[in-house]
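Here is a quick walk through one protein chain, from the overall numbers down to a few individual residues. Have the structure open while you read.

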Amino acid sequence: MRTATVTAAAVATTLAGAGAAAVAAGRYAADAALRSRPGRPLPGGPRLSVHSTGPGRVALTRSLASLRPGTYGLTAPGVHAVVGSVLDGVAHDPDTVVRRLLAVTRGSLAPGTRVALTPQVHAGDPGTALGLEHADADVPGELGALPAWFVPAPRDTWVIAVHGLGTGREHPMVVMPLLHRLRLPVLSLSYRGDLGAPASPDGLGHLGESEWRDVDAAIRYALRHGARRVVLHGWSTGAAMALHAAERSALADRIAGLVLDSPVLDWHTTLRALVAARRTPAALLPLAVRAAEGRAGLRAGHRRPGEDPGALRIPVLIFHGPDDTIAPWEPSRRLAAARPDLVTLRTVPDAAHGAMWNVDPHGYEEALRRFLTPLM
């Protein structure tokens with residue numbers, strides 16, 4: 001009898017130890033997913049190799065990513081380049097794709113260089129990248145000063161641009177030339193966790209749940225410096241932050257409209273994608289996702305951005321598509337279907353997360369122009 005008792009106790013102890021180890025491993029994976037490095041491409045994206053270059057073209061590893069239509073950045077340590085469409089009729093090896101090489105803005109694309117494809121097309125600042133007059137600004141946030149770029153223009157409706165996962169404040173530069181032609185001032189914001197900005201108290205990202213307060217600070221800054229009202233243009237988690245600000249800010253009545261690109265509206269699916277991209281074993285995925293939700297303050301029952309369509313009071317333009325594997329577009333479709341009086345959904349097929357402009361720059365900018373014109 002005693003032997004059986006001892007054996008049962010040993011088994012229970014072993015199981016408890018294994019369970020504790022699994023929980024610890026899940027928590028580690030969750031923290032890794034939420035502690036992304038500022039400005040680095042999202043985890044899980046394919047790493048491509050440069051096979052060769054020629055006048056106005058570059059051969060890259062063949063993959064679904066390198067075959068996507070549109071214009072993208074190529075990044076590696078010390079390297080940034082811009083590639084355009086896939087070139088047909090050009091001789092190449094069967095395991096490569098030849099794309100138009102539009103510019104090499106930093107470093108060089110030597111054969112063998114490992115690069116990532118990113119929606120962040122521009123490098124530098126609005127002056128060096130676009131030739132736009134701009135000023136460096138420090139937006140007073142609750143955790144400290146938030147670096148931002150301000151591109152001046154005559155109108156008193158400002159666009160506050162908020163980047164998302166895997167990019168920095170350079171990403172919104174893709175729409176700055178259009179906004180400048182429309183004579184709209186632009187404030188491109190860095191927020192907690194970004195390079196040069198204060199870290200969040202726990203060092204983790206929260207998918208907009210706490211970061212939205214930095215957007216609120218940017219609204220206050222804009223109103224103090226001449227804006228009469230603002231349009232919030234957010235990508236990915238930046239879109240979630242914009243929605244949170246419209247729902248929670250004491251200055252919500254000064255928000256004229258929202259532009260949401262690849263909005264993160266279903267954090268469970270986004271966290272699962274981020275955790276899985278860290279090569280978390282399948283058996284640990286549920287634990288890691290639950291841990292990430294807890295660490296980010298996004299437990300069950302917590303209200304998601306845009307969950308109550310009836311609370312919307314301002315026009316919303318959403319750019320999203322079915323090929324986004326980080327932020328599913330079904331919540332965007334439901335939001336647009338629930339509020340057709342205020343919400344316009346522009347569907348962008350073949351676009352990865354945050355890359356709606358990249359696939360169709362002309363269509364994106366025309367939809368944006370039409371949306372912004374009555375809000376000026």
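Contact here means that heavy atoms come within 4.5 Å. Keep in mind that this is a predicted model.

With that in hand, take helix α10 (residues 361-372). Which of its residues are buried? In α10 they are G363, Y364, E365, A367, L368, F371 and L372. The cover over the buried residues of α10 includes helices α3 and α9 (356-359), along with strands β11 (229-235), β12 (255-261), β13 (316-320) and β14 (343-347). As for the length of α10, its 12 residues should span 16 Å at 1.5 Å a residue, and the end C-alpha atoms are indeed 16 Å apart, so the two agree.

Next, have a look at strand β10 (residues 186-189). In a regular strand, side chains alternate between the two faces of the sheet. Are the faces of β10 covered or open? Both are covered: V186 and S188 are buried on one side, and L187 and L189 are buried on the other.

Strand β10 has pairing partners in β8 and β9, set out here.

| Strand paired with β10 | Sense | Bridges | One bridge pair |
|---|---|---|---|
| β8 (residues 144-151) | antiparallel | 4 bridges | V151 with V186 |
| β9 (residues 157-162) | parallel | 4 bridges | I160 with L187 |

Between β9 and β10 the chain passes through helix α3 (residues 176-181), and this β-α-β crossover is right-handed. Helix α3 also turns up among the elements that cover the buried residues of α10.

Now for a single residue, R295, which sits in helix α7 (residues 285-295). How does R295 count in terms of exposure? Its relative accessibility is 24%, so R295 counts as partly exposed; the buried class stops short of that value, because buried means under 20% and exposed means over 50%. R295 and L204 are 91 residues apart along the chain, yet their C-alpha atoms are separated by 8.1 Å.

Finally, zoom out to the whole chain. It has 10 helices and 14 strands, and 51% of its 376 residues count as buried. Looking at contacts with a separation of 6 or more, 75% are between residues 24 or more positions apart. The chain exposes about 16400 Å², and carbon and sulfur atoms supply 54% of that area.

Technical notes: Residues numbered from 1 in each chain as written. Predicted model: local features only at pLDDT ≥ 70, side-chain atom pairs only at ≥ 80, totals over all residues. Heavy atoms only, no water. Buried < 20%, exposed > 50% of the residue type's maximum accessible area, 1.4 Å probe, protein only. Helix = DSSP H or I, 4+ residues; strand = E, 2+ residues; numbered from the N terminus. Pairing = 2+ DSSP bridges. Right-handed = clockwise from strand over helix to strand, strands pointing away. Expected span 1.5 Å × (residues − 1). Areas by Shrake-Rupley, 256 points an atom, 1.4 Å probe, with all protein chains shown as cover.
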